[in-house]
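Please work through the following exercises with the sequence and the structure in view. Each task is followed by a solution in steps.

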Amino acid sequence: MFLLDRWYVAAWPEEVTQQPLARTFCDEPVVLFRGTSGSVTALEDRCCHRNLPLSQGKVDGDCLACGYHGMVYDARGICVRIPGQSMIPKNACVRSYPVQERDGLVWIWLGDAGRAGQSQPASYPFHADPRWAHRTSRYLIAGHHELINDNLIDLSHVGYVHGKTIGGTPAAHSEAQLEVQRSADGVVVRRWMPDTLPPPTYQRTYGFAGRIDRWMEIAFVPGLVQIYIGANDAGKGFDQDGRMDALGIRIFNGITPESAGSTHYFWSAAHNFKVDDAAITQAFFNEIAATFAEDKVVIEAQQERFDRFPNRANVALQSDAGGVHARRVIAEAIRRQESPVAA
Amino acid sequence: MFLLDRWYVAAWPEEVTQQPLARTFCDEPVVLFRGTSGSVTALEDRCCHRNLPLSQGKVDGDCLACGYHGMVYDARGICVRIPGQSMIPKNACVRSYPVQERDGLVWIWLGDAGRAGQSQPASYPFHADPRWAHRTSRYLIAGHHELINDNLIDLSHVGYVHGKTIGGTPAAHSEAQLEVQRSADGVVVRRWMPDTLPPPTYQRTYGFAGRIDRWMEIAFVPGLVQIYIGANDAGKGFDQDGRMDALGIRIFNGITPESAGSTHYFWSAAHNFKVDDAAITQAFFNEIAATFAEDKVVIEAQQERFDRFPNRANVALQSDAGGVHARRVIAEAIRRQESPVAA
Amino acid sequence: MFLLDRWYVAAWPEEVTQQPLARTFCDEPVVLFRGTSGSVTALEDRCCHRNLPLSQGKVDGDCLACGYHGMVYDARGICVRIPGQSMIPKNACVRSYPVQERDGLVWIWLGDAGRAGQSQPASYPFHADPRWAHRTSRYLIAGHHELINDNLIDLSHVGYVHGKTIGGTPAAHSEAQLEVQRSADGVVVRRWMPDTLPPPTYQRTYGFAGRIDRWMEIAFVPGLVQIYIGANDAGKGFDQDGRMDALGIRIFNGITPESAGSTHYFWSAAHNFKVDDAAITQAFFNEIAATFAEDKVVIEAQQERFDRFPNRANVALQSDAGGVHARRVIAEAIRRQESPVAA
């Protein structure tokens with residue numbers, strides 16, 4: 001059971017072209033393509049005639065033609081042409097999914113299309129903000145999406161998993177000041193780590209020499225974790241207004257279930273220093289990519305254990321509070337989706 | 001449930017040697033081998049002692065010796081020797097399958113051996129006819145055999161799937177004159193495409209320059225689709241008697257289920273022009289091999305979708321008539337097999 | 001259902017280091033590690049917090065720290081530290097397995113720890129005996145452990161499977177004098193093959209030129225098959241006392257189930273001739289390794305057939321007597337394990 005009444009990241013804009021793109025979301029096979037007008041369309045990736053994936057077909061204007069017998073579907077998923085046959089059956093159609101392209105992201109609505117207008121994708125202006133330089137990536141992770149949420153919401157793991165990049169000393173993390181703020185739709189975690197050693201990534205890309213004051217802000221809603229972290233020379237404090245003068249890092253984490261055991265993980269890493277130096281942007285991206293590859297190993301190993309031993313007991317720790325709340329938020333949203341209240 | 005009371009192609013003759021050959025037909029593991037007398041034998045590929053595949057054994061005269069403890073089986077599947085033991089248990093035997101080698105094909109009967117004499121494999125003289133040059137091949141296709149039947153019976157797909165080889169313009173196919181002739185045991189489809197452009201394969205191998213009159217004849221019975229296609233300069237017509245003076249192509253398609261989701265596809269491609277030019281035969285074969293590789297991609301993608309979404313609706317088109325009849329023919333033959341009428 | 005109340009080989013000592021080692025025994029995920037004191041510990045390979053395999057963690061003294069959030073487990077499997085949290089929940093622990101390191105082997109007890117003291121691993125002094133030179137290896141075999149027992153207990157197969165190494169002529173084996181001696185806990189099989197041709201391995205490593213008297217002694221208990229084989233010039237007889245003057249070979253076969261369909265196979269091959277010639281030890285090892293690789297192919301092919309055709313009949317031969325008894329011994333030990341008699 002997935003939360004479908006939600007805008008999820010479907011792709012980076014440059015992934016969607018006139019060459020149809022096959023991708024599965026929440027167990028649904030979807031084909032994404034860009035029509036000649038430039039508009040993005042998402043259809044069920046299965047011709048209603050004989051089940052060939054439409055992603056093996058060809059874009060024809062803003063329509064898509066099946067690669068087997070040439071049936072043409074428009075952006076609504078309605079078959080508008082059958083070669084060699086004048087009559088088009090009424091049930092010759094496939095499902096069409098609402099999509100939106102904004103903030104350098106392609107979003108898809110997998111639930112009831114009639115409810116797509118009830119909410120909007122989160123705003124994320126930083127992909128277009130000249131004060132920030134970023135690069136994007138996508139990992140397919142063989143793990144349940146909530147394992148990724150757990151990982152991002154509880155950053156106490158970075159000292160253990162990411163010692164070579166963004167981690168730093170484990171103690172700095174486990175002794176951090178912590179604030180967990182819950183809301184109906186999500187959770188925000190803030191961590192302050194005063195007077196600590198800069199982790200390797202900060203030294204290599206930003207150039208810290210001495211000790212630093214470091215902070216992290218993690219904002220979760222289903223399908224999306226926004227991370228804003230930063231650091232300043234120790235003693236300069238955590239003043240929110242002064243953030244742009246210090247090291248600032250923004251990580252976008254789009255978390256879209258592929259299936260119960262696998263997740264599309266769309267991420268971008270932006271930095272606010274030396275934004276015109278492409279080599280720095282690349283070097284910084286490489287460090288984050290290595291970091292997330294370490295998380296991927298952890299999450300996939302967890303998933304394998306959960307699959308093999310579905311009934312073994314687990315012990316909750318205090319640091320799980322944020323992740324536990326995130327699970328509750330998703331479960332409640334699924335309940336609302338299953339039993340929508342009359343408006 | 002497979003149609004077993006049927007002669008199926010098991011192998012090309014040159015595949016069956018004194019090196020035992022393991023092959024699964026209709027979920028049955030079979031070992032094929034050629035005894036020193038030259039005769040072909042097909043046995044259950046599982047030693048009755050401890051289940052080692054007999055295909056890991058060695059041919060011994062016209063018998064087969066298991067590779068584990070040396071038990072020897074004759075062509076009837078009866079164990080005739082147990083090393084180190086004088087008494088041979090009565091139940092020390094494996095199933096033997098009727099086989100026939102004819103027309104450059106090895107055929108096997110997978111049903112009740114007592115009914116094997118009730119029918120004969122189809123005759124196919126063209127592998128030995130000097131007016132035709134051919135080459136043979138075999139694909140293992142990860143798809144249900146009826147998806148292959150569909151593909152071969154409804155050639156309206158060639159304009160979409162095979163544009164680079166035998167296809168030609170899609171419209172020429174969807175506007176073709178069509179005749180579907182059904183019988184109790186199969187279906188014959190005839191297509192005429194007057195005054196059309198020659199597809200790339202015809203240009204490259206036969207050398208057509210101008211427009212052509214083109215025809216196709218597809219004859220299906222369970223396990224076998226014979227295709228006879230040809231073309232002449234436009235205006236010369238479709239005279240059956242004159243066929244041998246124009247471009248003629250014969251495709252043999254032996255379709256033997258391996259399992260519910262995979263099929264042995266034995267095919268040969270013969271042509272009636274420049275039959276003494278080995279380079280032409282090879283070039284022609286390469287074009288057909290590329291064409292069938294395209295079909296393989298389509299069929300395997302369909303199978304994956306049918307497996308993942310077994311309950312989603314499909315829409316039938318007019319061009320499915322031949323394939324629908326082929327399904328009915330197979331279903332009725334399976335019913336007869338399950339409830340044979342007293343003779 | 002596995003026989004768990006038994007000491008099984010878990011690893012060769014050199015495999016267990018401060019780099020944790022993941023291994024599954026009888027469907028249980030186990031991490032083995034060597035603490036800084038040198039002691040070997042075996043724990044459930046699954047952090048009780050969020051299921052990360054502890055084998056992805058780090059050894060910390062004689063404890064093991066999880067690689068995700070740093071929880072530290074001692075050799076009893078009890079969590080003794082949770083970073084960032086002072087209170088350790090009572091149920092924060094993982095299972096610990098009794099282990100013993102002796103005779104150049106690491107043994108593990110997978111059953112009820114309270115019964116581990118009731119028996120001891122078999123003694124195997126030959127890994128430390130200067131009159132014997134040996135090398136060790138490990139194969140993971142995709143087959144049920146009883147198929148390996150069968151293979152080792154009934155050596156009549158060596159003439160068919162191992163003709164290129166230790167086999168020799170099939171007839172020599174099937175005509176061997178045979179003695180099968182059963183006990184409550186196992187079976188011992190003795191074979192004598194007087195006046196036979198030396199197999200290739202004996203010729204290449206020992207240098208036999210003429211015919212030989214050859215004998216084999218195979219001692220099975222659950223989890224372990226000890227093989228002692230030898231040969232002398234024909235006519236010199238099988239005198240037990242004189243064995244050390246002739247060719248002697250000892251094969252240790254530790255057979256530890258990984259799952260119902262796969263088995264850890266720990267083996268060593270020792271010889272009593274030219275024990276100071278490392279090249280001979282290596283050459284001899286290579287021959288045995290090739291031999292066991294042949295057995296692996298056989299056993300994995302059997303397993304595949306048993307999996308595919310679980311209900312097809314098998315025929316027992318006289319030579320199965322030892323293997324049949326071994327199955328009975330294991331079945332009875334499992335019954336005792338399930339219904340332990342009050343002491």
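The exercises below concern a predicted model and treat its chains, domains and strands in turn.

**Exercise 1. Symmetry**

Task: Determine which turn and shift lay chain A on chain C, and what relation this represents.

Solution:
- Step 1. A turn of 120° with a shift of 0.1 Å along the axis lays chain A on chain C, and the RMSD is 0.0 Å.
- Step 2. This is the relation of a three-fold axis.
- Step 3. Within chain A, the C-alpha nearest the axis belongs to Asp307(A), at 13 Å from it.

**Exercise 2. Contacts between chains**

Task: State how many residues of chain A are in contact with chain B, and describe the classes of residue on that side of chain A.

Solution:
- Step 1. Contact is counted where the C-beta atoms, placed from the backbone, lie within 7 Å.
- Step 2. On this basis 19 residues of chain A are in contact with 20 residues of chain B.
- Step 3. The side of chain A that touches chain B consists of eight nonpolar, nine polar and two charged residues.

Task: Repeat the analysis for chain A and chain C, and identify which helix of chain A gives the most to the side that touches chain C.

Solution:
- Step 1. Here 21 residues of chain A are in contact with 19 residues of chain C.
- Step 2. At least two residues of this side of chain A come from each of α2 (158-161), α3 (170-174) and α5 (278-308) of chain A.
- Step 3. With five residues, α5(A) gives the most to the side of chain A that touches chain C.
- Step 4. By class, this side of chain A divides into 10 nonpolar, seven polar and four charged residues.

**Exercise 3. The two domains of chain A**

Task: Locate the domains of chain A and describe the side of domain 1 that touches domain 2.

Solution:
- Step 1. The domain assignment gives domain 1 (7-118) and domain 2 (126-335) in chain A.
- Step 2. The C-alpha centres of these two domains of chain A are 33 Å apart.
- Step 3. In chain A, 10 residues of domain 1 are in contact with 11 residues of domain 2.
- Step 4. β1 (7-11) and β2 (21-25) of chain A each supply at least two residues of the side of domain 1 that touches domain 2, and β1(A) has the largest share, three residues.
- Step 5. This side of domain 1 of chain A holds six nonpolar, two polar and two charged residues.

**Exercise 4. Strand β3 and its neighbours in chain A**

Task: Describe how β3(A) pairs with β2(A) and with β4(A).

Solution:
- Step 1. Six of the seven residues of β3 (residues 28-34) of chain A are buried, and the strand is mostly covered.
- Step 2. β2(A) and β3(A) pair in the antiparallel sense over five bridges, and Arg23(A) has Val30(A) as its bridge partner.
- Step 3. The hairpin of β2(A) and β3(A) has two residues between the strands, and Cys26(A) in the turn has a positive phi of about 50°.
- Step 4. β3(A) is also joined by five bridges to β4 (residues 40-44) of chain A, again antiparallel; Arg34(A) has Val40(A) as its bridge partner there.
- Step 5. The hairpin of β3(A) and β4(A) has five residues between the strands, and Gly38(A) in the turn has a positive phi of about 100°.

**Exercise 5. An open sheet in chain C**

Task: Give the strand order of the four-stranded open sheet in chain C, and explain why one side of each edge strand is left without a neighbour.

Solution:
- Step 1. The order is β2-β3-β4-β9 in chain C, with antiparallel pairing.
- Step 2. β2 (21-25) and β9 (96-97) of chain C stand at the edges with a single partner strand each, so one side of each has no neighbour in the sheet.
- Step 3. Five bridges join β2(C) to β3 (residues 28-34) of chain C, where Arg23(C) stands opposite Val30(C).

Notes:
Residues are numbered from 1 along each chain as its sequence is written. Chains are lettered from A and ligands numbered from 1 in the order in which they are written. This is a predicted model: local features need pLDDT of at least 70, side-chain atom pairs count only at pLDDT 80 or more; totals for chains, interfaces and linings use all residues. Two residues are in contact if their C-beta atoms, placed from the backbone, lie within 7 Å. Ala, Val, Leu, Ile, Met, Phe, Trp, Tyr, Cys and Pro count as nonpolar, Asp, Glu, Lys and Arg as charged, and the others, Gly among them, as polar. Copies are superposed by least squares on the C-alpha atoms of residues with pLDDT of at least 70 in both. Domain bounds come from an automatic or database domain assignment. A residue is buried if 20 or more other C-beta atoms lie within 10 Å of its own, exposed if 12 or fewer, and partly exposed in between; C-beta atoms are placed from the backbone. Two strands pair if DSSP finds at least two bridges between them.
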